[in-house]
Amino acid sequence: MKIVIAGAGEVGSHLARLLSREKQDVILIDNNAERLAILDADNNLMTLKGRPISFKTQKSSGADQCDLFIAVTPDETQNVLACSMAKSIGAKKTLARIDNYEFLDSNNRDYFMRLGVNSLIYPEYLAAHEIITALHRNWVRHWFEIHDGKLIIVGVKVRDNAKIIGMQLKEFAMVEHNFHVAAIKRRHDTIIPRGDDRILPNDILYFVCTPEHVNELIDLCGKQQHRIRRVLVMGGSRIAICLSALASDEFKIKLIENDMSKCRSLPETCPQCDIVHGDARDIDTLREEGIMDTDAFIALSDSSETNILTCLTAKELGVKKTIAEVEDLQFISEAENLNIGTIINKKLIASSSIFQILLDADTGSSKCLALADAEVAEIEVRPKSKITRGPVRSLDLPYGMTIAGLIRNNQGMLVTGNTVIEPGDYVVVFCLGGALHKIEKLFK
Amino acid sequence: MSEQMHIPRTKRVFINLPMLLRVLGWLLMIEAAFMLVPTLTCAIYQEPDIKAFLITTAITLATGIGMTFGIRTYNTSMGKREGFLLTSLVWVVFSFFGMIPYILCSNPLTITDAFFETMSGFTTTGATVYLNVEELSHGINMWRCLTQWLGGMGIILFTLAVLPMLNSSGGIQMFNAEVTGITHEKLRPRISQTAKGLWGVYGMLSLILCVLLWIGPLNFFDSICHAFSTMSTGGFSTRNNSIAYWDSNYVKIITTIFMFLGGVNFSLLYKICHGEGLKSLFRNDTFRAYLKIVSLTFVAFVIAIVANGQAHTVADVTIDPLFQIITTITSTGLTASNFESWGPFVLALLFLLMFFGACAGSTSGGAKIDRILYLLKNTSNELYRSIHPNAIRSVRINSMIMSPETVNRVIAFLCIYVIIVAAGGIMLTAFGLPIVDSFFSVFSCVSNVGLGTGVTGYSGYGFEVLPDIAKWVLSVFMLIGRLELFTVLILFTPAFWSK
């Protein structure tokens with residue numbers, strides 16, 4: 001697929017790297033030659049210096065023949081205009097990053113279609129949604145729904161108090177039939193476990209199960225589902241504003257912001273929140289604002305380090321759920337090993353949802369998400385493929401992969417050794433990084 | 001978090017040797033495939049040298065297969081270090097395997113001579129140790145010209161076009177290390193597409209040239225060989241007198257045109273083949289400079305020839321000087337006329353042309369016109385600044401402003417280029433060569449021109465009279481020149497090897 005990306009900012013360059021690694025033809029446009037030079041030297045993609053809103057630049061980038069035009073510059077009007085121009089000269093699909101909740105309204109969809117913008121993406125809004133999901137399901141680390149929620153992948157960190165600690169997975173499978181442990185993240189490594197692997201304290205276990213059994217996991221992993229009401233947010237960022245717009249009814253949100261001028265404008269954008277001017281890094285400020293009675297602490301300041309550290313402080317002060325925004329990719333893995341409930345990254349959220357749009361357009365690729373070093377793919381089984389030749393146990397599948405579950409007749413189910421996979425099933429596969437291409441052959 | 005970036009946790013090794021050797025194995029298999037061409041030639045002409053080629057192909061193929069399938073790689077990542085090391089190594093390893101036919105054939109060379117000949121072929125220098133190429137078998141001549149053709153566009157570039165496994169960031173490093181020029185323009189989003197595009201243009205031009213020569217007085221074999229060595233601006237010929245053998249203006253004109261094209265940036269040619277009009281060619285600063293240099297020297301040559309009383313026919317003042325200018329500036333080194341009789345001024349101009357070379361991104365050698373352009377524009381800016389100290393002026397090429405870092409790099413390149421020629425010349429004098437010949441041979445090898453020391457009157461022979469050690473030194477200089485200094489020189493810096 002030929003993809004033109006306008007804007008080599010954080011989202012744009014991350015997406016460009018990701019797509020180029022997925023063997024797509026990527027052309028990156030930006031006005032800043034220095035930013036492009038770094039990407040151009042190290043990645044298998046083409047860069048072009050120029051203004052995204054220029055017909056000349058767009059034509060020389062080949063936007064007139066591209067399959068997807070993605071505009072992710074910091075300015076939303078520029079993005080919409082760039083998409084509109086690209087569409088008018090022949091781009092098949094366009095996608096613009098926006099900063100305005102109003103634009104997402106389904107009543108305005110037609111207008112954007114007329115302009116030539118096929119999809120809109122609002123990273124802050126998506127991030128706020130993630131935060132709300134994390135607040136609802138505050139006992140999990142990760143929560144993914146596959147195939148419209150027919151199967152659910154849950155990442156849970158287990159501690160000494162969990163019943164299943166020390167169990168071998170084959171014992172676990174004998175006791176519990178409703179779950180499949182598809183991957184384990186242990187310190188920095190991701191393992192696709194076999195029957196004789198043991199569950200150790202501080203592992204993050206990735207369970208696959210059907211929606212009706214999810215809540216049984218709370219007990220098994222020694223977790224508690226808290227009811228969250230009071231939420232303390234550090235930093236009046238755009239995500240915080242989005243969050244207050246979406247969830248002020250449900251949660252009682254208190255915002256702590258360091259910058260006085262921002263504080264002045266916040267009451268207008270977040271009418272239902274309490275706004276406090278102060279530094280959330282200061283433990284006294286936190287105490288004064290009632291951190292002891294707070295159910296959840298969300299750190300959304302510009303600095304990843306501050307977010308991580310204040311979350312740790314909040315946890316020590318007894319907050320049940322902490323959420324940190326970590327924008328530096330290399331910190332994510334480190335932060336996950338710390339005692340932080342959930343980690344939010346705008347770039348990854350944005351790029352994964354763009355990936356999803358790509359998947360709809362290009363059936364050749366099946367990767368749906370990446371968990372640390374493991375990849376998860378949802379693959380449709382073709383008739384006469386190797387995987388359908390017998391029960392799973394007799395297939396002699398390669399190491400480093402596991403079939404976590406399948407969706408048959410729109411119904412999710414788990415896979416055991418005796419399951420026979422049929423053509424037309426959607427199979428959810430976990431595999432270690434890079435092995436996906438080999439595995440896809442089994443299904444064709 | 002709905003998605004996490006793939007952060008590789010496998011340990012990054014300092015230099016990924018297993019992967020390096022594996023890729024090298026793949027490359028050797030490609031070389032073995034190319035060796036089938038001379039093998040086939042020998043088979044057609046029923047020459048005994050077929051044995052030499054069969055043995056070489058077998059050895060190369062076996063080594064390649066052994067390296068590719070015998071070495072296990074756990075980590076397939078390739079960084080900048082691997083890129084530089086592999087690129088330099090490939091050219092050396094290719095020469096070591098490519099020299100085997102010369103040693104085993106019916107006119108055997110010593111190892112030194114054979115290596116020199118192969119390196120001279122791959123780097124498109126065109127300096128030869130053979131006194132009489134007409135007594136060589138067709139197979140050997142075909143192999144000489146084929147090495148030039150392969151080296152002209154680049155071994156790595158060819159591999160990038162055909163091997164999907166290098167279509168990654170590791171491939172980009174190798175592309176940057178091998179392709180000539182200051183900045184490396186990508187034509188298409190993926191590196192393999194760029195490589196395919198460039199090789200496509202190159203192959204097509206070679207084919208057209210071959211047909212055109214075949215229509216003329218050349219036989220089929222000679223046309224293929226000359227198409228290979230002309231398009232790659234290499235300069236090996238199947239005849240002792242080079243192009244002069246045919247004494248045909250048609251051959252001279254055709255060869256001149258295609259040598260000229262071989263000196264143009266292939267990205268420009270690619271763009272013209274893909275819809276951009278000829279106008280874009282003339283809008284290109286480098287191409288305009290290329291044309292200007294050629295026409296100015298042409299005028300100077302004609303004046304010199306007339307002044308020396310050598311203008312006997314129309315061809316003497318038209319195609320002959322033009323041919324000589326193009327063959328020198330593109331670093332081809334084919335000869336068609338007796339230019340020694342045109343006087344010392346012409347010779348001096350030829351030295352200058354050798355230094356200039358043609359456009360970056362072409363198959364030619366030399367320092368490249370692009371760099372000279374940078375130097376001139378920067379110098380004029382500096383001079384302007386001496387009068388207007390506060391003026392801000394930038395180097396502008398093709399309406400793009402070049403960053404001071406790029407300009408610095410180019411000027412550093414030119415300085416090092418001169419230093420290398422000087423250092424090499426001094427080194428050769430240590431082996432007992434006359435001073436002019438030492439400097440000229442090094443200059444000729446670094447610029448990949450390959451004009452022999454015969455030009456300067458050194459005993460009237462080619463490179464075969466040099467002592468063995470001088471041939472090895474010159475082989476290294478050819479490689480340094482072909483890979484444009486930095487790729488090879490960086491291997492000799494402590495920073496490259498220290499962790």
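1. In this predicted model, strands β7(A) and β8(A) form a hairpin in which four residues lie between the two strands, and within that turn H147(A) has a positive phi of about 55 degrees.

2. The two arms of the hairpin, β7(A) and strand β8 (residues 151-157) of chain A, pair in the antiparallel sense, and the pairing runs over five bridges. One position that can be located in the structure is H142(A), whose bridge partner in β8(A) is G155(A).

3. As for the surroundings of strand β7 (residues 142-146) of chain A, four of its five residues are buried, so the strand is largely enclosed by the rest of the structure. The cut-off behind this statement is that a residue is buried if 20 or more other C-beta atoms lie within 10 Å of its own.

4. On the domain level, the assignment for chain A gives domain 1 (2-121), domain 2 (230-349) and domain 3 (358-443). The centres of domain 1 of chain A and domain 3 of chain A, taken over C-alpha atoms, are separated by 32 Å.

5. Turning to chain B, its secondary structure comprises 23 helices and two strands. The radius of gyration of chain B is 23 Å, close to the 23 Å that the globule rule gives for 499 residues, so chain B is as compact as a globular protein of that length. Its C-alpha trace spans about 80 × 70 × 50 Å along the principal axes.

6. Two further values describe the packing of chain B: 50% of its 499 residues count as buried, and, among its contacts with a separation of 6 or more, 72% are accounted for by residues 24 or more positions apart.

Technical notes. Residues are numbered from 1 along each chain as its sequence is written. Chains are lettered from A and ligands numbered from 1 in the order in which they are written. This is a predicted model: local features need pLDDT of at least 70, side-chain atom pairs count only at pLDDT 80 or more; totals for chains, interfaces and linings use all residues. A residue is buried if 20 or more other C-beta atoms lie within 10 Å of its own, exposed if 12 or fewer, and partly exposed in between; C-beta atoms are placed from the backbone. Two strands pair if DSSP finds at least two bridges between them. Domain bounds come from an automatic or database domain assignment. The radius of gyration is taken over C-alpha atoms; the globule rule is 2.2 Å times the number of residues to the power 0.38. Two residues are in contact if their C-beta atoms, placed from the backbone, lie within 7 Å.
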